[in-house]
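Welcome! Please look over the sequence and the model shown here, then try each exercise before you read its solution.

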Amino acid sequence: MIVPVTGVFAAVIGILLLVLSVQVVKFRLKFKKGMGVTEDRDFQAAVRAHGNLVEYAPIALIMLGIAELNGVATGLVYWTGMVLVVGRILHAWGMLNGRGGTHWARFLGIVMTWLAILFTAVLLLWNVWKVYG
């Protein structure tokens with residue numbers, strides 16, 4: 001069994017993770033800080049943008065992969081994955097440009113991420129109920 005749809009979203013999120021990792025490494029080198037952060041808001045925002053992706057993306061991708069493997073309609077998996085990826089990109093962009101403060105993209109990104117996770121959870125439960133009733 002393969003999960004081509006989830007695989008594409010995992011690849012895009014993997015690239016986003018590397019982009020955010022580079023941002024953190026740039027600040028670590030600039031401030032010669034191997035662990036923790038300084039008082040610099042941009043450094044703190046970069047670390048949290050990276051951390052937030054690491055906190056949310058794995059469970060969302062695992063859930064999408066299970067949904068795809070369990071036979072949930074490919075279109076539903078695709079559009080849910082699109083919402084997830086766009087949400088993660090918006091969140092990261094909002095974190096970095098808002099310097100960790102309130103930003104419309106950060107807000108919209110986390111809402112999209114939560115909705116993608118919630119919708120995938122509903123899809124998984126619906127699929128199990130439909131198969132095993």
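Three exercises follow, each with a worked solution.

This is a predicted model, in which local features need pLDDT of at least 70, side-chain atom pairs count only at pLDDT 80 or more, and totals for chains, interfaces and linings use all residues. Residues are numbered from 1 along each chain as its sequence is written, and side-chain values use heavy atoms, leaving out hydrogens and water.

**Exercise 1.** Find where Lys 32 and Arg 99 lie, and state the sign of phi for Lys 32 and for Arg 99.

*Solution.*
- Step 1: Recall that most residues other than glycine have a negative phi.
- Step 2: Lys 32 has a positive phi, near 50°. Lys 32 sits in the loop between helix 1 (4-31) and helix 2 (41-69); helices are DSSP runs of H or I with at least four residues, numbered from the N terminus.
- Step 3: Arg 99 also has a positive phi, near 55°, and belongs to the loop between helix 3 (74-97) and helix 4 (104-132).
- Step 4: Now check accessibility, where buried means under 20% relative accessible area, exposed over 50%, and partly exposed in between (1.4 Å probe, protein chains only). Lys 32 is exposed at 76%, while Arg 99 is partly exposed at 39%.

**Exercise 2.** Describe helix 4: what is its span, and which helices do its buried residues pack against?

*Solution.*
- Step 1: The expected span of a helix is 1.5 Å times one less than its number of residues. Helix 4 has 29 residues and reaches 42 Å from first C-alpha to last, close to the expected 42 Å.
- Step 2: Its buried residues include Ala 105, Gly 109, Ile 117 and Leu 124.
- Step 3: The buried residues of helix 4 pack against helix 2 and helix 3, with contact meaning heavy atoms within 4.5 Å.
- Step 4: Just after helix 4, Gly 133 takes a positive phi of about 30°.

**Exercise 3.** How many aromatic pairs are there, and what kind of pair do Phe 9 and Tyr 78 form?

*Solution.*
- Step 1: Rings of Phe, Tyr and Trp (its six-membered ring) pair if their centres lie within 6.5 Å; planes under 30 degrees apart count as stacked, over 60 as edge-to-face and the rest as tilted.
- Step 2: By this rule the count is seven aromatic pairs.
- Step 3: Phe 9 and Tyr 78 are 5.9 Å apart, centre to centre, with 45° between the planes, a tilted pair. This pair links distant parts of the chain, with Phe 9 in helix 1 and Tyr 78 in helix 3, 69 residues apart.
- Step 4: Phe 9 is buried at 4%, whereas Tyr 78 is partly exposed at 34%.

Key
Helix = DSSP H or I, 4+ residues; strand = E, 2+ residues; numbered from the N terminus.
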